[in-house]
Amino acid sequence: MTVWLEVGGKKVRVEVPAAEGADLVCSVDGREMVVNACVLEPGVMSVVIDGRQVRCLLDGDAVVIGGRRVAFSRFDPRSLAARRGGAEGADGPRPVKAPMPGRVVRLAVAVGDAVEQGEAVVVIEAMKMQNELKSPKAGTVVRLAVGVGDTVGVGDVLAVIE
Amino acid sequence: MGEIRKVLVANRGEIAVRVMRACREMGIRTVAVYSDVDRAALHVLAADEAYRLGPAAASESYLRGELILEAAKLSGADAIHPGYGFLSENADFADACAEAGVVFIGPPGAAMRVLGSKTKARQAADRAGMPRVPGSVTGLGSVEEAVRVAGEIGYPVMLKAAAGGGGKGMRAVWGAGEMGSAFLGASSEAERSFGSGEVYLEKLIERPRHIEIQLMADQHGNCVYLGERECSVQRRHQKVIEEAPSAVVGPALRKAMGEAAVRLALSAGYVNAGTVEFLVDEARNFYFLEMNTRLQVEHPVTEMVTGLDLVKMQIRVAQGEPLPVTQDQIAIRGHAIECRIYAEDPENNFFPSPGLITALRQPGGPGIREDCAVYAGWRVPLEYDPMLSKLVAYGETREVAIERMLGALSEYFVGGIRTNVGLFRRILMDEGFRTTAIDTGYLERLLAEVPSVVEQAEVSEDLAAVVCALFAVASAPRVEAVAEVSSGWAVAGRREGLRA
């Protein structure tokens, strides 16, 4: 069966056998390889390829292979976003999101302020460390979604820059 | 004082577990204290008894000395081990323990007051004849005065904000000609950042190493040094890798630094474990930095190379026993390296990564020690330090210790949250680290470089893509299925079954 993946930032078409089996003939964008894969427990797989054994672990939206972490996601090649190229451009509003849970300790800007790309917008404290979250682009702060003292979760929108 | 029978550990995380292990070996009962988010923490599970302190915030739990003393009273603990951080360097708490008739496993409050304060410790260091980074002690009034002082101590020098920190108001000056603009720049930056433009200057130590001496003193006036630890691999003044011994410290330098540290400790009536931190320059001159009046995070590397258990020594010293070893009985054998595993994401600005640990695979094998505070199913709280674990590798030589650590790191896996495990591989493979060309700026320079292709090409991109796809469709067989078809025993068993 065909699996469309974005792996480490690259889009690839991977063919893997639909049926279970130990020696699997697979291909990546037409490049064929035979892997012997064995699931040890959910999320943990041992792969033997050309005699080399590699332990692979599934961790959320990434796999850890031989100590290296590779982020991946499936996508549908027919969808509009995939054909457009997916990523949001430099134009239009861009959110500043919380990369981790924490508490807002400082707002470095106010609504209406002009900011440079990389300029601190909001400061969040987690695990005894203060982390400056920076503007993804040059523009104007059109919205501040949080206040000092607020608790935020991963992915929460903190501010919008346009 | 009599024998200690029950110890309350006024801390959390791996150090609390570490102390409890030592107690257990000595037949001492243990008492944990915990905040609301730590009810299921490993240190609570490791203890014989446990008492709640309060809400998650440290100021409402682990920093509440009076609540901790109350728990000591309720549990009948006769001693308190403070670990590191929290109340460990709080002289008032040490005094409060003494007043409550509970042994504080650490230095007396008075010694802590002298050696724990930066300014007082410097005065004590001067009296003990310890070298310090030369410089002006008071603020400079003018550019002319700055030029005069710099001329006395020799260029290069560093201008620093008296009220400062965090790199603000600092300027390196390499000659008298640069002093004018540097002085004004530093002064105005200090004014803007701290509300005071006062600056002083110190000799600039180029590419300094951070090397520290471990001390242990008893109540009978004996004090020994247990060698040094090399702690130069740091990020934002936080230690990342520590090792013992240091590659640049030979027997003569070790003796000179060790004896200076012992002199300082004895001059202030110091008792129990302590660490004297030094900067060491490229010519191997050492300068007193500060003293830590407690057990340190990185104490395991000293334990590995001396064969001594520092926590047990602390407890014995606290119950009045003389030191079990004399200076000439202390030998450094082999090499130990410690990696501090943090819940932070090296691929995303080292942002903290608290949350649920969904999987944990820990390494083993010869020479590997792990002091760990977490388990699969544990939710790492966001209120405390991000350190999850300390991984230590020991070997006959530094090379062996590095290879063992690399092996252990490849076995290590923490799922659910991000950790800096991958960063250590990069450091330990780096030529600079391997040739011990390290100083306190080493790691920041390494991180500024793009990782080499060799580091990235361990696994082919195509294989990574196939593995991702296999996980996505889950079409690889489970291990039982493989065992079924490949196990001769199973086949023989079935045949037997058929025959019967």
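## Exercises on a predicted two-chain model

In strand β7 of chain B, Ala172(B) is the bridge partner of Met158(B). The exercises below concern a predicted model.

**Exercise 1.** Determine the strand order and the pairing of the open sheet in chain B that contains β6, β7 and β8.

*Solution.* Begin with the pair β6 and β7. Strand β6(B), residues 157-161, is joined to β7(B) by 3 bridges, and the two run antiparallel. Next, identify the strands that pair on one side only: these edge strands are β7 (171-173) and β8 (199-203) of chain B. The order of the 3 strands is therefore β7-β6-β8, with antiparallel pairing. Finally, consider the geometry: from one strand to the next, the twist averages 30 degrees.

**Exercise 2.** Describe how helices α7 and α8 of chain B are placed relative to this sheet.

*Solution.* Take α7(B) first. This helix, residues 143-153, packs on the sheet and touches β6, β7 and β8 of chain B. The direction of α7(B) makes about 15 degrees with that of β8(B). Turn then to α8(B), residues 179-194, which lies across β6, β7 and β8 of chain B. Helix α8(B) runs at about 25 degrees to β6(B).

**Exercise 3.** Characterise the side of chain A that touches chain B.

*Solution.* First, state the extent of the contact: 50 residues of chain A are in contact with 38 residues of chain B. Second, locate the largest share of this side of chain A; strand β4(A), residues 31-41, supplies it with 7 residues. Third, classify the residues on this side of chain A: 36 are nonpolar, 7 polar and 7 charged.

**Exercise 4.** Decide whether Lys10(A) is buried or exposed.

*Solution.* Locate the residue: Lys10(A) belongs to strand β2 of chain A, residues 10-15. Count its surroundings: 11 other C-beta atoms lie within 10 Å of Lys10(A). Apply the cut-off: a residue with 12 or fewer such atoms is exposed, so Lys10(A) is exposed. As a further step, relate it to Phe72(A): the two are 62 residues apart in sequence, while their C-alpha atoms are 9.1 Å apart in space.

**Exercise 5.** Assess the confidence of the prediction, with attention to residues 483-488 of chain B.

*Solution.* Start with the model scores, which are ipTM 0.71 and pTM 0.84. Proceed to chain B, where the pLDDT averages 91 and 92% of the residues score at least 70. Then examine residues 483-488 of chain B: the pLDDT there is below 50, and the stretch has 2 contacts in the model beyond near neighbours in sequence. Predicted coordinates should not be read in detail where pLDDT is low.

Definitions and conventions:
Residues are numbered from 1 along each chain as its sequence is written. Chains are lettered from A and ligands numbered from 1 in the order in which they are written. This is a predicted model: local features need pLDDT of at least 70, side-chain atom pairs count only at pLDDT 80 or more; totals for chains, interfaces and linings use all residues. Helices (H or I, at least four residues) and strands (E, at least two) are DSSP runs, numbered from the N terminus. Axes are lines fitted to C-alpha atoms, for helices over the stretch in contact, and angles run from 0 to 180 degrees between N-to-C directions. Two residues are in contact if their C-beta atoms, placed from the backbone, lie within 7 Å. Ala, Val, Leu, Ile, Met, Phe, Trp, Tyr, Cys and Pro count as nonpolar, Asp, Glu, Lys and Arg as charged, and the others, Gly among them, as polar. pLDDT is the predictor's confidence in each residue, from 0 to 100. A residue is buried if 20 or more other C-beta atoms lie within 10 Å of its own, exposed if 12 or fewer, and partly exposed in between; C-beta atoms are placed from the backbone.
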